Structures are given as C-alpha cells and as structure tokens.
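User: I am new to this protein and would like to understand how each description of it is justified. Could you take me through the reasoning step by step?

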Amino acid sequence: MEKTLNVQGMTCGHCKMSVESALKKLDGVSAAEVHLETGKVDVTFDEAKVNVDAMKEAIEEQGYDIA
C-alpha cells in the first residue's frame, strides 16, 4: 500500500535523510521518499505489519509535525 504524508518543518538534506531513515527502520515499510519542495513523504508499506500511526510517531520522534 502507498500513502502520502504531509510533514512540516523539513528544509534540508539532513531532514530528508532522518525522516526516510526513521521510516525505513519500521518493520513493514519497504520505501520512503521525502519531497522537500512539497513537504510530502511517499511511503510504501505492508499494512499487515505497520500502520499510519506508527509512521507518524516515527516522524514526530525526529522532531517534525504531521499536517
């Protein structure tokens, strides 16, 4: 399944790396791609293993807000 999340506060390459890395560490997330210019993150995941709330929590733990 694919989901696009709106993330606030990402401005640089480090932001991109930390959000993508946090998401990819979750069991069930197969891909995560940050688009800095739009503030969106495309996540491909197995909904039997991980849910959107877990992904939001992983992003918030990196210091970013979900719109």
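Analyst: Let us begin with a term that will be needed soon: two residues are in contact when heavy atoms of theirs lie within 4.5 Å. Please keep in mind that this is a predicted model, and that the values discussed here are computed from it.

User: With that meaning of contact, which residues is Ser 18 in contact with, leaving aside its neighbours within four places in sequence?

Analyst: Once those neighbours are set aside, Ser 18 is in contact with Gln 62 and Tyr 64. Ser 18 itself is found in helix H1, and its side chain reaches the backbone oxygen of Cys 15 at 3.1 Å, which is within the 3.5 Å allowed for a polar contact.

User: Why is Ser 18 called buried or exposed?

Analyst: The relative accessibility of Ser 18 is 12%, and buried means under 20%, so Ser 18 counts as buried. Glu 20, which is also found in helix H1, is judged in the same way: its relative accessible area is 13%, and because the limit is 20%, Glu 20 is buried. Leaving aside its neighbours within four places in sequence, Glu 20 is in contact with Ala 32, Glu 33 and Val 34.

User: What makes Met 17 buried or exposed?

Analyst: Met 17 lies in helix H1 as well, but its relative accessibility is 57%; since exposed means over 50%, Met 17 counts as exposed.

User: What is the overall pattern of the protein, read along the sequence?

Analyst: The pattern is β-α-β-β-α-β, made up of 2 helices and 4 strands.

User: How do you know how compact the protein is?

Analyst: The radius of gyration is 11 Å, and the globule rule gives 11 Å for 67 residues, so the protein is as compact as a globular protein of that length. The C-alpha trace spans about 30 × 20 × 20 Å along its principal axes, and 34% of the 67 residues count as buried. Among the contacts with a separation of 6 or more, 57% are accounted for by residues 24 or more positions apart.

User: In what order do the strands form the sheet?

Analyst: The 4 strands form an open sheet in the order S2-S3-S1-S4, with antiparallel pairing. Strand S2 (29-35) and strand S4 (65-66) each have a single partner strand, which is why they stand at the edges, with one side of each left without a neighbour in the sheet.

User: How do you know that S3 is paired with S1 and with S2?

Analyst: Two strands pair if at least two bridges are found between them. Strand S1 (residues 2-8) is joined to strand S3 (residues 40-45) by 5 bridges, and S2 is joined to S3 by 6 bridges, so both pairs satisfy that condition. Thr 44 in S3 is the bridge partner of Glu 2 and also of Ala 31, while Asp 42 in S3 is the bridge partner of Glu 33. The hairpin of S2 and S3 has 4 residues between the strands, and there Gly 39 takes a positive phi near 75 degrees.

User: What makes the side chains along S3 alternate?

Analyst: Val 41, Val 43 and Phe 45 point to one face and are buried, whereas Lys 40, Asp 42 and Thr 44 point to the other face and are not buried.

User: Where do the helices lie, and at what angles do they run?

Analyst: Helix H1 (residues 13-24) lies across S2 and S3 and runs at about 165 degrees to S2. Helix H2 (residues 52-61) lies across S1, S2, S3 and S4 and runs at about 30 degrees to S1.

User: Why are the buried residues of H2 said to be on the same side?

Analyst: In H2, the residues Met 55, Ala 58 and Ile 59 are buried. They cover an arc of only 95 degrees around the axis, and this puts them on the same side of H2. What covers these buried residues includes S1, H1, S2, S3 and S4, while the face turned away from the buried side carries the exposed residues Asp 53 and Glu 61.

User: What is found at the start of H2, and what follows H2?

Analyst: At the start of H2, a side-chain oxygen of Asn 51 reaches to within 3.2 Å of the backbone nitrogen of Asp 53. After H2 comes Gly 63, with a positive phi near 100 degrees.

Notes:
Residues are numbered from 1 along each chain as its sequence is written. This is a predicted model: local features need pLDDT of at least 70, side-chain atom pairs count only at pLDDT 80 or more; totals for chains, interfaces and linings use all residues. Side-chain values use heavy atoms; hydrogens and water are left out. Axes are lines fitted to C-alpha atoms, for helices over the stretch in contact, and angles run from 0 to 180 degrees between N-to-C directions. Buried means under 20% relative accessible area, exposed over 50%, partly exposed in between (1.4 Å probe, protein chains only). The arc is that of the directions from the helix axis to the C-beta atoms. A polar contact is a pair of N or O atoms within 3.5 Å; within protein, one must be able to donate a hydrogen and the other to accept it, and residues adjacent in sequence count only if both atoms are side-chain atoms. The radius of gyration is taken over C-alpha atoms; the globule rule is 2.2 Å times the number of residues to the power 0.38.
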